[in-house]
Amino acid sequence: MLPFLTRRLIVAALVALAVSAVSFGLMFVAGDPAVVLAGQAGRAQDVEIIRQAYGLDRPMPLQFFSWIGKALTGDFGTSLYFNLPVGAIIAERLPVTLILGSAAFLLALLVSVPLGILASIRPGSALDRAALMLAVFGQAIPSFWLGLILIVVFGVWWSLVPISGTETWQGYILPVIVLSYYAMPALMRMTRAGMIDVLGADYIRTAQAKGLPRIRILLIHALRNAILPLVSLAAVQFGMMLSGSIVIESVFAINGMGRLAWESLLRSDLPVVQAIILILSLIYVTLTTIADLINAWLDPRLRSA
Amino acid sequence: MTMTRFGFASLAGAILAASVTVSAAPALAGKADDTLNVAFALEPEALDTYKIAGREGLILARHIYDGLLYKDLDTGEIKPALATSWRFVDPTTMEFDLREGVVFHNGAKFSADDVVYTLNTVLDPNYGTRFRIAVDWIEKVEKVSDLKVRIKMAKPFAGAIEMLADALPIYPAAYFKEGGSAGMAAKPVGTGPYRLVEMTPGIRYAFERFDGHYAGSPKGKPAIGKLVVRTIPELNTQFAELLAGKLDWTWRIPPDQASRLASRIQVVSGPIMRIAYVGFAVTGKGKDYPTKNVLVRRAINHAVNREAIVKAFAGGASQVLNAACNPKQFGCAQDVVRYDYAPEKAKALLTEAGFSGGLDIEMVFAAMPRPVAEAIAADLAKVGIRVTLNEQQYAAGVQKWRAGELPAFFTNWGSYGTGDVAFIISNFFGGGADDLVQDKEVIELVATADSAQDRALRQENYAKALKKIAEQAYWLPMYDFNINYGLSPALVFKPHPDEFARWWLASWK
């Protein structure tokens, strides 16, 4: 297991570094950051002064290496927009996204995995069709629409929950529901497909012939094998939730990482964008590495791969 | 200026407006606890005025800080603020008597040292003041006595008084010296009518009326005790908050949404200084664009049915412009050539210019709604001008434009909210880096007007410049903007054309 782990970690670190370098280059391709910073009322003269004041006139590789050098020591620099340490801004927003993403992920798993298992027991049954319908709706309804409808019904009409913001825990209720709803279809269908596949396998028939209890066959024998692709998918889904949903964060005025990334991109706040990309790529890489490790633990055949 | 953040705004807005009609009347939460709940769609920047480009941050800053002077926009009168009187000692030296007994939010006493240190610091190019035009006319500021300062001007500048009127706030010297710009960003301290009590940068700002705000302030004593400003990026969510009575103030509601909301909340519309225009590459910077030909530019001016476009898309009281400025600005002469909508005349002009077979041009639009750009392109197509339309972020578009890579650029300009043509035509026709026309005659006229102190002389020279600009059709001036405010029914609020919300003047009904 140890060589496997080491190999995975080295690859993970290289991926994070490569993502960082590419995104840094892309920021400059997308438009001169000095022009963006000058804003719409900025004149050509203002742009020149900003370019010098923020060191944007230095060669790009130099800017990148000076940034990454400091980032490795934990110094992400100062936001060009807020004139505050990037670390402090991210410390403000990351917890919001972590709570939202984790809660939505848990809710999605709690609903979709049992539903997928139930649906797989009798494919084509009423329960299976109901689950399928949920999945189709989940994939078809745009998240901003669902979010706004929930706001109107539960926020404006019935005043049960706050409409926007996360000043109280109640503010998380609607966005968690909306965010999790989008992860459910894929997770549920993956569980169902995997289970149907496995339930047709010879060893399940053998287990049934041995007279093992049905629940034991389903949860121990079948699920352990059916869950492999689900773990990989879940890791990616969880990564997406942790990187924040721009649309959902916008609709509910949640100040998480997704919106910070989006807004910072629009205003060319390079230090913030770079820090977010580094953090998010680390999160992704960590999650997929964990998924690989879980799979390797579940299925010994994968360890030598 | 972003009109809608996402394309779905109007669809969802319709659902929202239709569905809430069954709900109860909004509870007036803000009035009950004397708190004005404000929402912006965009995040305010760090609250050091000198480094703010966005309107949101500037508005908050004006509640925290004061300038030497103040302009009463309702009367146009310049009023004393931190300075009680002022005079020109010579054409480039201004002297100010400062107010006695003013205190900052941190208890520090206001004196000449604060004025001298603040202004001398921000006019140093290394400080990185966002808009050089605001400070580059000052050479240095000198202390005469504890309550008297002199500003030595680097050049005669007609906009000096306008700039000193609340655009150049005074910081507490000792505090500013210690923390610098970052200190002001982390915890702003001013002499203004409100003081900041809590801040999550970009997310939430809480203010309280500053009871120590100096007597005789032109901003007066605010009627409303507390302000809470939040960022709510999605307009529909803002509407939901408004309808639920949890929000008292928001702005920049698109015209179609405004009419739907008008029956449920208080919607107020007000004109602003911003105007929309299409600029043409005249020098071309080495490229041979058809827009270098005056006949083509005139043809374009005749070909676009601006009247219809304004009616269909601009909404409110917007009007078609003829001169390259906002009619509300000082010096914006209106007796210039008018290009009426005349497609036949446009075709004839194109034939005369040697383009009887039509021509192709690229037009980039930025910070303008797509339908308006498409309407312009459609009108031009009718006379044989085939437009390749590209939408870009403002920064990307303006960069191409300045580099001479575009024959036409459709965007808008807000003149810093200032009612003087110096803040628009001096930039685009004054010979600087943003001037892609470089008309020697216009440059000279603008320079004369910019540096003159005599208003009549300024007016005369700007008028001549504007006439030449229109006659040469250097621009296709489109229309002036109006913005809609969504307000709690219990709120009394008056919008101003400079896009600065003055909540210190707001009150409850």
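In this predicted model, Asn225(A) counts as partly exposed, because 17 C-beta neighbours lie inside 10 Å, a count that falls between the 12 or fewer of an exposed residue and the 20 or more of a buried one. Asn225(A) belongs to helix H10 of chain A, which covers residues 214-242. Leu298(A) is 73 residues away along the chain, yet the C-alpha atoms of Asn225(A) and Leu298(A) are separated by 7.8 Å.

Chain A also meets chain B through a pair of helices. Two packed helices are described by the angle between their axes and the distance between the axes. Here, helix H7 of chain A (residues 143-157) and helix H8 of chain B (residues 235-243) have axes that come within 11 Å and cross at roughly 10 degrees. Since angles under 35 degrees count as roughly parallel, H7(A) and H8(B) are therefore roughly parallel to each other. On the side of H7(A), the contact is made by Leu148(A), Ile151(A), Val152(A), Gly155(A) and Val156(A); H8(B) contributes Asn236(B), Thr237(B), Ala240(B) and Leu243(B). Six of the residues in this contact of H7(A) with H8(B) are nonpolar and three are polar, while none is charged.

Turning to the strands of chain B, a good place to start is an open sheet of four strands with antiparallel pairing, in the order S4-S5-S7-S6. Strands S4 (83-90) and S6 (138-145) of chain B each have a single partner strand, so these two stand at the edges with one side left without a neighbour in the sheet. On average, neighbouring strands of this sheet are turned by 20 degrees against each other, direction ignored. Strands of a sheet pair through backbone hydrogen bonds, either parallel or antiparallel. The antiparallel pairing of S4(B) with strand S5 of chain B (residues 93-98) extends over six bridges, and Ala83(B) has Leu98(B) in S5(B) as its bridge partner. Helix H4 of chain B (residues 112-122) lies across S5, S6 and strand S7 (148-153) of chain B, and runs at about 165 degrees to S6(B).

A parallel pairing is found elsewhere in chain B: strand S10 (residues 226-231) and S1(B) run parallel and are joined by six bridges. One of the paired positions is Thr35(B), whose bridge partner in S10(B) is Lys226(B). Strand S1 of chain B (residues 35-40) is largely enclosed by the rest of the structure, because five of its six residues are buried.

How values were computed: Residues numbered from 1 in each chain as written. Chains lettered and ligands numbered in written order. Predicted model: local features only at pLDDT ≥ 70, side-chain atom pairs only at ≥ 80, totals over all residues. Pairing = 2+ DSSP bridges. Axes fitted to C-alpha atoms, helices over the stretch in contact; angles between N-to-C directions. Contact = placed C-beta atoms within 7 Å. Parallel < 35°, antiparallel > 145°, perpendicular 65-115°, else oblique. Nonpolar A, V, L, I, M, F, W, Y, C, P; charged D, E, K, R; others polar.
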